[in-house]
Amino acid sequence: MEEKEIILVDDDELQFMLVKNVIKKIDPLVKITFFSNPENALTHLKSNEIQKQPCLILLDLNMPEMTGWEFLDIYSNFSNKSKIVIISSSIDAGDMQKANKHPDVLEFCSKPVFFDKMNDILKYYTC
Amino acid sequence: MNNYIKNLNFLINLDKFNNSQFSNIEHIRMKMTMRVCLISALFGIIFSSVLITLTLYREALICISQPISYFIIAWIVYKGKFEIAKILHTITANFGIFTFASFCGIDSGVHLYILLGPTFILSLYDLSRKKEIIFSILIYLFTFFLYIKFPNNSLFPKVDSSILNKDTSFILYSINIVFIVILSTLLMNYVLRLNTNFIIEILKKNKSLNEKEKSLQDEIEQRKISEKRLRKLFSELQLAYERVNHFSQMVSHNLRSPIANLKGIVTILNETENTEEEKKEYLNAIFVAAHKLDNVIIDMNEILSIQKDLTEKNKIVAFEDELNSILISEKNTFEGKNIKILADFEEIPKIQSVNSFIHSILHNLITNAIKYRKPNTECIIKIKTYTKDEFVFLSVEDNGLGIDLNKNNNKIFKPYKRFHSHVEGRGLGLYLVQTQAQMLGGDVSIESELNIGTKFIVNLGKKDI
């Protein structure tokens with residue numbers, strides 16, 4: 001069985017800790033890579049563009065160096081793309097609408113994400 | 001004005017009018033015209049009978065056409081069609097003078113009567129009736145032209161010069177001149193008397209026009225001022241709206257994020273079996289989240305207090321003092337680092353402004369310069385105040401890491417944005433600097449180059465002292 005890889009892009013380390021622990025309880029075999037700076041995430045994805053993309057990218061919106069939207073603008077131009085789920089603390093209706101309209105975004109989830117929700121995400125969207 | 005309207009009325013209903021429709025002045029004018037017509041006709045009859053006795057039948061025949069025309073005009077006036085009568089009167093009078101002048105020759109001085117034409121025409125019409133006056137003047141000019149073209153009876157046979165010998169012609173010439181002077185004076189007086197109201201009205205109109213123009217100009221000036229005020233208010237409102245927007249963003253993202261963390265941690269602790277080690281980790285996470293929440297609330301308080309601080313304006317703030325107080329309070333930041341501050345407050349040592357704003361702006365810019373200094377290089381910070389176009393400027397220049405302006409130009413002054421992730425920072429400093437500068441009536445701009453340095457130029461508003 002191929003190893004599942006999920007990338008988490010979020011400036012909040014607590015979020016990483018939470019997501020990591022939740023996923024570990026659901027499926028201990030999933031490998032989670034954490035990027036606190038979206039720029040680093042993009043460099044990483046670019047360098048592995050041809051060989052292998054992660055199963056899923058969990059993306060935050062509000063980050064100091066680069067917003068999730070800016071990340072998406074650049075990532076949309078990649079030839080080989082992963083599925084993207086936005087997990088943000090935002091409760092802004094505008095963000096939600098924009099996410100639903102974006103062609104590369106599968107779903108918009110508001111933080112915090114619990115077991116049920118994460119279970120659904122992993123079930124439907126991972127490869 | 002009433003007269004004028006009545007006259008106009010009469011022009012429109014030319015056929016339907018009756019005598020009562022005429023104004024008083026028009027009645028006087030009609031009576032006068034009647035008299036002139038009858039006198040002229042009488043003179044015409046006398047003159048033609050003289051010509052008949054002199055056996056100049058052809059001239060007498062031409063002459064008799066004059067009294068006939070005058071009788072017809074008098075009749076027309078009597079019938080109330082004064083407008084037609086006026087035009088006929090102008091034609092007849094001018095041609096009459098022309099005819100008599102031609103008969104009598106230059107020696108008699110009769111030809112000089114033609115000079116009365118303009119005053120005669122003006123006596124017939126109200127001065128407000130420009131069209132009719134111009135038309136009549138054209139008739140007059142036409143007869144005048146005829147007289148100049150045929151000065152000496154080339155059109156009509158000449159009166160036998162034996163009738164008028166030299167002496168009588170001289171006496172006649174003198175009498176005619178005296179008559180012309182008297183007549184023209186009387187006519188002019190008559191014209192002025194009839195048109196007094198009209199002239200007064202014109203003067204009044206001019207005066208009220210001037211007054212109107214003046215009040216209009218005043219109004220324009222006032223509108224300009226209020227528009228300027230409105231525009232200023234509008235831009236202030238726009239800034240306030242932007243701040244509210246930022247604030248709502250902060251509530252939605254930054255305030256909610258640690259709360260979401262807490263909720264997540266508590267749920268995990270509650271719903272799953274956890275090892276001791278995991279529990280410890282979660283407990284620590286709760287502490288971190290609480291600390292973050294506290295920080296966000298402190299930030300929000302700082303942003304909100306900007307509004308409050310604005311009320312304590314008009315204090316005199318000395319830049320040197322503010323710098324010194326920052327150096328003392330940030331002693332720990334400076335310690336053990338190779339930092340050199342070059343301050344030049346000579347041009348503008350003091351400013352009338354909000355103390356806390358100046359302090360905060362200077363503090364944020366200096367700590368920023370230190371945070372993002374180049375490692376292993378002496379950090380030089382140049383601070384200067386100066387004036388330009390009535391505004392006070394504060395510039396803070398460093399030789400640090402710099403910011404890529406092409407990439408980040410539109411988000412440098414936005415809240416919670418950062419451009420270097422290696423140092424701790426909340427990304428609020430430059431947002432506060434901009435907000436405070438804008439509330440002082442100024443703004444902030446940046447010049448920066450990667451690896452060379454950054455220069456912030458803060459406009460602190462208009463110079464007051």
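**Helix packing, sheet and chain contact in chain B**

In this predicted model, helix 8 of chain B goes past helix 9 of chain B in a left-handed crossing. Helix 8 covers residues 196-271 and helix 9 covers residues 276-309, and the two pack at an angle of about 165° with their axes 10 Å apart. Angles over 145 degrees count as roughly antiparallel, and helix 8 and helix 9 of chain B are therefore roughly antiparallel to each other. On the helix 8 side, the residues making the contact include Phe247(B), Met250(B), Leu255(B), Pro258(B), Ile259(B) and Leu262(B). Helix 9 of chain B answers with residues including Tyr282(B), Ala285(B), Ile286(B), Leu293(B), Val296(B) and Met300(B). Sorted by class, the residues of this helix 8 to helix 9 contact come out as 17 nonpolar, two polar and one charged.

Next comes the sheet. Chain B has an open sheet of five strands in the order 2-4-5-7-6, with mixed pairing. Strand 2 (339-344) and strand 6 of chain B sit at the edges with a single partner strand each, so one side of each has no neighbour in the sheet. On average, and ignoring direction, neighbouring strands of this sheet are turned by 15° against each other.

At one edge, strand 2 of chain B runs parallel to strand 4 (residues 379-388) of chain B, and six bridges join the pair. Here Ile341(B) stands opposite Ile381(B) of strand 4. The other edge strand, strand 6 (residues 443-449) of chain B, is antiparallel to strand 7 (residues 453-462) of chain B and is joined to strand 7 by seven bridges. Strands 6 and 7 of chain B make up a hairpin, with three residues between them. Within the turn, Asn451(B) takes a positive phi of about 65°, while Glu449(B) stands opposite Gly453(B) in strand 7 of chain B. Helix 14 (residues 429-439) of chain B lies across these two strands, strand 6 and strand 7, and runs at about 140° to strand 6.

That leaves the contact between the chains, which takes 21 residues from chain B and 19 residues from chain A. Helix 8 and helix 9 of chain B turn up again here, each supplying at least two residues of the side of chain B that touches chain A. Helix 8 of chain B gives the largest share of that side, 11 residues. By class, the side of chain B that touches chain A holds seven nonpolar, nine polar and five charged residues.

How values were computed
Residues are numbered from 1 along each chain as its sequence is written. Chains are lettered from A and ligands numbered from 1 in the order in which they are written. This is a predicted model: local features need pLDDT of at least 70, side-chain atom pairs count only at pLDDT 80 or more; totals for chains, interfaces and linings use all residues. Axes are lines fitted to C-alpha atoms, for helices over the stretch in contact, and angles run from 0 to 180 degrees between N-to-C directions. Helices (H or I, at least four residues) and strands (E, at least two) are DSSP runs, numbered from the N terminus. Angles under 35 degrees count as roughly parallel, over 145 as roughly antiparallel, 65 to 115 as roughly perpendicular and the rest as oblique. A crossing is left-handed if the near helix is turned anticlockwise from the far one by less than a right angle, and right-handed if clockwise. Two residues are in contact if their C-beta atoms, placed from the backbone, lie within 7 Å. Ala, Val, Leu, Ile, Met, Phe, Trp, Tyr, Cys and Pro count as nonpolar, Asp, Glu, Lys and Arg as charged, and the others, Gly among them, as polar. Two strands pair if DSSP finds at least two bridges between them.
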